[in-house]
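Please look through the structure below with a newcomer's patience. The questions that follow move from paired side chains to empty spaces.

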Amino acid sequence: MAREFRTVGVVGLGTMGAGIVEVFARSGLHVVAAEVDDEAVQRGRTHLETSTARAVGRGKLTQQDADELLARIVTTTSLAGLADADLVVEAVPEHLDLKATLFAELDKVCRPDAILASNTSSLSVTELAVRTGRPGKVIGMHFFNPAPVQKLVELVRTVVTEQDVVDDVRAFAATLDKVPVVIGDRAGFIANALLFGYLNHAAQMYEAHYASREDLDAAMRYGCGYPMGPLALLDLIGIDTSYEILDTMYRESRNLMHAPAPVLRQMTTAGLLGRKTGRGFYTYAKPHSSEVVPDALTPSGAGAPEVAGRDVQRVGVIGTGTMATGIVEVFARAGFDVIVRGRSQSKIDRCVATVRKSLDKAVVRGRATEDDRDAALARITGTTHLEGLADVDLVVEAIAEELDVKRAVFGALDEVCKPGAILATTTSSLPVVECAAATSRPQDVVGLHFFNPAPQMKLVEVVSTITTAPEVAASARALCERLGKVPVSCGDQAGFIVNALLFPYLNDAVKMLQAHYATADDIDAAMKTGCALPMGPFELLDVVGLDVSLAIQRSLYQEFRLSGLAPAPLLEHLVTAGRLGRKTGHGFRDYAAR
């Protein structure tokens with residue numbers, strides 16, 4: 001049977017410590033909360049009262065529940081008050097010497113069988129354990145902020161943590177209505193190790209002026225369904241905190257992916273720490289506010305565009321596959337005349353039939369009328385010859401991801417399309433400039449990377465090469481807005497924005513699994529529960545396809561030549577074995593046959 005915890009202690013009543021106290025008290029436990037002085041105790045009490053009052057106001061607690069919760073909490077300014085605790089969790093600032101000294105003192109005052117836990121998010125639990133006379137009874141218990149709301153708890157075992165301690169604390173965390181995952185003691189644990197590499201890469205993109213802060217954040221929100229963009233999240237976490245976590249991880253791993261972007265150090269030095277100071281990557285209404293206010297970098301969004309765009313009325317789409325068909329539907333529903341170029345009439349007919357089926361569903365769901373459907377279908381015509389695209393204002397190429405094939409198509413389009421027509425590719429991984437170089441009009445070539453399924457996904461990456469004319473890029477953005485999409489602008493480098501940020505994170509998760517640091521289930525749970533992502537990395541890899549993921553990761557590695565971007569060997573082995581994910585029924589997980 002798992003050990004029963006009746007009295008628990010918490011050292012530190014800051015934001016995190018007070019939240020942990022509330023979690024324990026909500027579960028009916030007697031809690032002893034310790035702080036350095038009466039003023040700090042009162043601040044912690046105020047935080048607890050404010051939090052519980054907010055829960056009452058939202059109907060999550062009754063007033064009686066809140067009163068009983070607060071009555072179960074005893075505060076003290078002496079560690080001796082923790083003498084009878086079964087478990088003590090420290091939640092003091094992230095300084096190793098401070099925590100180590102505290103653990104040595106707790107070792108003296110707590111019962112020999114009491115478990116000592118650290119809420120550290122980045123420091124070595126082993127370093128803390130060896131400062132005590134009970135290293136086998138020391139464990140990491142990393143809650144996420146805000147602790148009463150966030151479900152994930154990372155339980156960090158050292159090489160000397162007793163198995164009974166791990167089992168007892170895991171069972172205890174489950175009684176708190178948390179999702180516990182057990183991991184080893186290395187910098188960043190699961191969530192931070194995967195999350196901060198991604199955030200750091202986004203900061204580097206911003207620092208290099210690859211994309212604007214608004215476009216970087218919009219790309220991940222609309223392209224991946226993330227609740228926040230990376231720069232907004234860095235502001236929420238705190239620029240200084242993020243820098244410290246990355247610096248700690250880099251000193252342990254020496255992985256350049258974790259080397260803090262210089263802009264993070266510069267912002268920390270300048271006091272631009274994010275929401276808590278009112279300025280970070282964004283400017284906020286006041287310190288600790290979530291309201292973003294305009295600043296010198298905010299796009300105006302008003303007045304005439306700086307660059308006059310080209311008029312687009314008739315559109316050609318090359319291809320009849322899933323992506324091409326979705327793009328045809330998007331343009332037709334937005335009122336554009338669309339010419340579909342297919343290799344045969346039967347493929348064109350299949351494409352139109354698929355669009356009709358999708359529009360029929362929209363009618364049934366009340367998202368379109370029958371007149372809307374019929375009008376959209378009437379705008380679609382087909383051709384089996386590229387010459388049929390001679391008079392269009394824009395061509396979108398959406399064929400297989402093979403560079404030689406795309407180059408041949410663009411070379412042919414160069415000959416048949418009228419002067420001034422915009423030539424676009426929806427490639428997700430190949431260099432757009434290669435397509436431009438196959439023409440005599442590289443200034444007219446742009447990337448329009450739609451996301452699948454195109455009718456539902458809001459994001460379009462507008463990719464400019466070094467030769468793309470400014471009015472072509474402006475026309476592409478304006479066109480996307482007419483389609484009801486969210487355009488983001490970026491340069492022509494591997495992965496553009498979304499894939500360049502997403503796939504290194506996925507690759508790092510595979511490396512973590514390959515090192516037997518944690519199970520696929522625990523890693524997925526950590527990222528979904530701790531970071532509020534819609535899917536865990538292994539769920540997402542199986543959906544995308546391991547072969548597709550490997551190809552994208554290889555393209556990133558080939559372009560940037562960073563060792564941290566080298567595809568994980570496990571990913572390569574699974575692809576070699578034909579375990580490609582859901583489409584083959586086997587990937588990181590096995591799927592039932594349909």
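A salt bridge, as the term is used here, is a side-chain nitrogen of Lys or Arg within 4 Å of a carboxyl oxygen of Asp or Glu. This is a predicted model, in which local features need pLDDT of at least 70 and side-chain atom pairs count only at pLDDT 80 or more, while totals for chains, interfaces and linings use all residues. Residues are numbered from 1 along each chain as its sequence is written, and side-chain values use heavy atoms, with hydrogens and water left out.

Q: In the salt bridge between Arg333 and Glu329, how many Å lie between N and O?
A: Both residues belong to helix H12, where helices (H or I, at least four residues) and strands (E, at least two) are DSSP runs numbered from the N terminus, and Arg333 and Glu329 stand four residues apart, about one turn of the helix. The side chains of Arg333 and Glu329 meet in a salt bridge with an N to O distance of 3.4 Å.

Q: Is Glu329 buried or exposed?
A: Buried means under 20% relative accessible area and exposed over 50%, with partly exposed in between (1.4 Å probe, protein chains only). Its partner Arg333 has 41% relative accessibility and therefore counts as partly exposed. Glu329 has a relative accessible area of 4%, so Glu329 is buried.

Q: Which residue forms a salt bridge with Glu22?
A: Glu22 lies in helix H1, which covers residues 15–26, and at 1% relative accessibility Glu22 counts as buried. The partner is four residues away in helix H1, so the two are separated by about one helical turn. With the closest N and O atoms 2.9 Å apart, the residue that pairs with Glu22 is Arg26.

Q: Which side chain is joined to that of Glu22 by a polar contact of 2.6 Å?
A: Not counting residues up to four places away in sequence, Glu22 touches Leu48, Ser51, Thr52, Leu69 and Pro148, contact meaning heavy atoms within 4.5 Å. A polar contact is a pair of N or O atoms within 3.5 Å; within protein, one must be able to donate a hydrogen and the other to accept it, and residues adjacent in sequence count only if both atoms are side-chain atoms. The side chain that meets this rule with Glu22 at 2.6 Å is that of Ser51.

Q: How many residues apart are Arg477 and Asp215?
A: The side chains of Arg477 and Asp215 meet in a salt bridge of 3.1 Å, N to O. This pair links distant parts of the chain, with Arg477 in helix H17 (residues 470–482) and Asp215 in helix H8, and the separation is 262 residues.

Q: What is the volume of the largest cavity?
A: On a 1 Å grid over the protein atoms alone, a cavity is a set of points where a 1.4 Å probe fits but cannot get out, and lining residues have an atom within 4 Å of a point. Grid points are joined across faces, edges and corners, and a volume is the space filled by probe spheres set on the points. The residues Gly197, Tyr198, His201, Met257, Leu501, Pro504, Tyr505 and Asp508 line the largest cavity, whose volume is about 30 Å³.

Q: Which helix gives the most to the lining of the largest cavity?
A: The elements that give two or more residues to this lining are helix H7 (191–207) and H18. With four residues, the one that gives the most is H18.

Methods: 1 Å grid on protein atoms, 1.4 Å probe; cavity = no way out; pocket = protein on both sides within 12 Å on 5 of 7 lines; lining within 4 Å.
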